[in-house]
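Here are a few short exercises on a ligand and the protein around it. Try each one with the model open, then compare your reasoning with the worked solution.

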Amino acid sequence: VHERKPEKESPELKECFRLLDLTSRSFSAVIKELHPELLVPVVVFYLILRGLDTIEDDMTVDIAEKEPLLRNFHAHLDDESWTYDGNGPNEKDRELLVKFDVVAKEYNKIKSSYQKIITDICHRMGDGMADYAKKGNVSVQTIADYEQYCHYVAGLVGEGCTRCFVEAKLANPVLLSRPELTESMGQFLQQTNIIRDIREDHDDGRCFWPKEVWSKYVPEFGDLFLPENREKASHCQSEMILLALQRADDCLFYMAGVKEQSVFNFVAIPQSMAIATLELCFQNPAMFERNIKITKGAACGLMMQSTQNLEVVCAVFRRYARLIHKKNSPRDPHFLDISIACGKIERFI
Ligand code: PS7
Ligand code: MN
Ligand code: MN
Ligand code: MN
Ligand code: MN
Ligand code: MN
């Protein structure tokens, strides 16, 4: 375990750590345990992308204002005075943008090789978010659109993180030649978030489930939430879960390329939480009614198992794949494909 040395931290860095605790539930703890070489770059990377996402998520900001904010966000990183306080008072991450100057100050102190990676990812993510925000609530039509949106908000994070790990000499550079594995790491997390958050996003007037999928089950997206459509909604839910589950073996391959313990923990914990969340969502009608979450106890156990080695993480994936397999029903139109996807995970090493 690496201890922080508060006496060596600038007031701005202390403030960044406070903002990290404020804005992140699951990432804060794992980020703080990272190898000292990566600690500050990843804190800064996280806060920058969280700031960008706060703007993306703020439905009180008009698209005419939002689009240039998202596209130009990366350009404010060199400016140590830029802040933003235009968002609604309910926004929980508002304080991060009000105090964004402290993030920029820390950004400008890290190695330029990390700065280049962070700016590049922030620029491409902001443009991608703007493209989808501009198209509005019907932006995600096809499965290709859905995967492209997840690429912008999570696949790119995977790319940026991988470039940082290799830059720090803490991951095998061969990972850079397997971008499809990195992409799956982000897709698996983001698709799981989009599946689980369907109710919350719908209540905010947003929809990230592709029409190509839901239109096979209901004529209007909102019909998925009607009690009389419970079975159709369940079949739609299992198609979405199947799409995510097919990424799991790539994620295990990626994690096999990460040997340094603190980086392994950083990548493995969110993945374990994601497969547990998929299992919680599978065949669970409550997902359409409220925000469901794995229990504190389950999350705690997953933390401990994900901080050991690849074999233990494979065992976690196998356990949840078996649970999904057991809940799978032959009445579900995706019964066979789900069974195959679970089987692949169960047989992995
Ligand atoms: C590590 C190879 C830079 C560490 C970590 C802030 C969470 C917030 O939560 O629906 O419902 O509001 O608005 C692959 C993290 C993907 C991203 C995307 C893993 C930055 C992160 C900003 C790659 C995390 C997936 C928006 C965009 O969805 O979320 C490796 C570090 C990772 C942040 C996540 C989130 C996107 C997001 P919520 P939303
Ligand atoms: Mn968000
Ligand atoms: Mn978002
Ligand atoms: Mn640009
Ligand atoms: Mn979400
Ligand atoms: Mn299908």
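**Exercise 1: polar contacts of the ligand**

Find the polar partner that Asn-193 offers to ligand 1.

Solution. Start at the side chain of Asn-193: one of its N or O atoms is 3.1 Å from an oxygen atom of ligand 1. That is a polar contact, defined as a pair of N or O atoms within 3.5 Å. Next, go to Gln-190, where a side-chain N or O atom is 3.0 Å from a ligand 1 oxygen. Finally, check Asp-57, whose side chain has an N or O atom 3.2 Å from an oxygen of ligand 1.

A word on the ground rules: this is a predicted model, in which local features need pLDDT of at least 70 and side-chain atom pairs count only at pLDDT 80 or more, while totals for chains, interfaces and linings use all residues. Residues are numbered from 1 along each chain as its sequence is written, chains are lettered from A and ligands numbered from 1 in the order written, and side-chain values use heavy atoms, without hydrogens and water.

**Exercise 2: the shell**

Work out how many residues surround ligand 1 and which classes they belong to.

Solution. First, collect residues with a heavy atom within 4 Å of the ligand: there are 22, and Asp-53 and Asp-197 are among the closest. Then sort the shell by class: 14 nonpolar, four polar and four charged residues. Lastly, look for the main contributor: H3 gives the largest share, seven residues.

**Exercise 3: confidence**

State the scores of the complex.

Solution. Read off an ipTM of 0.91 and a pTM of 0.96.

Conventions
Polar contact = N/O pair within 3.5 Å; in protein donor to acceptor, adjacent residues only side chain to side chain. Helix = DSSP H or I, 4+ residues; strand = E, 2+ residues; numbered from the N terminus. Nonpolar A, V, L, I, M, F, W, Y, C, P; charged D, E, K, R; others polar.
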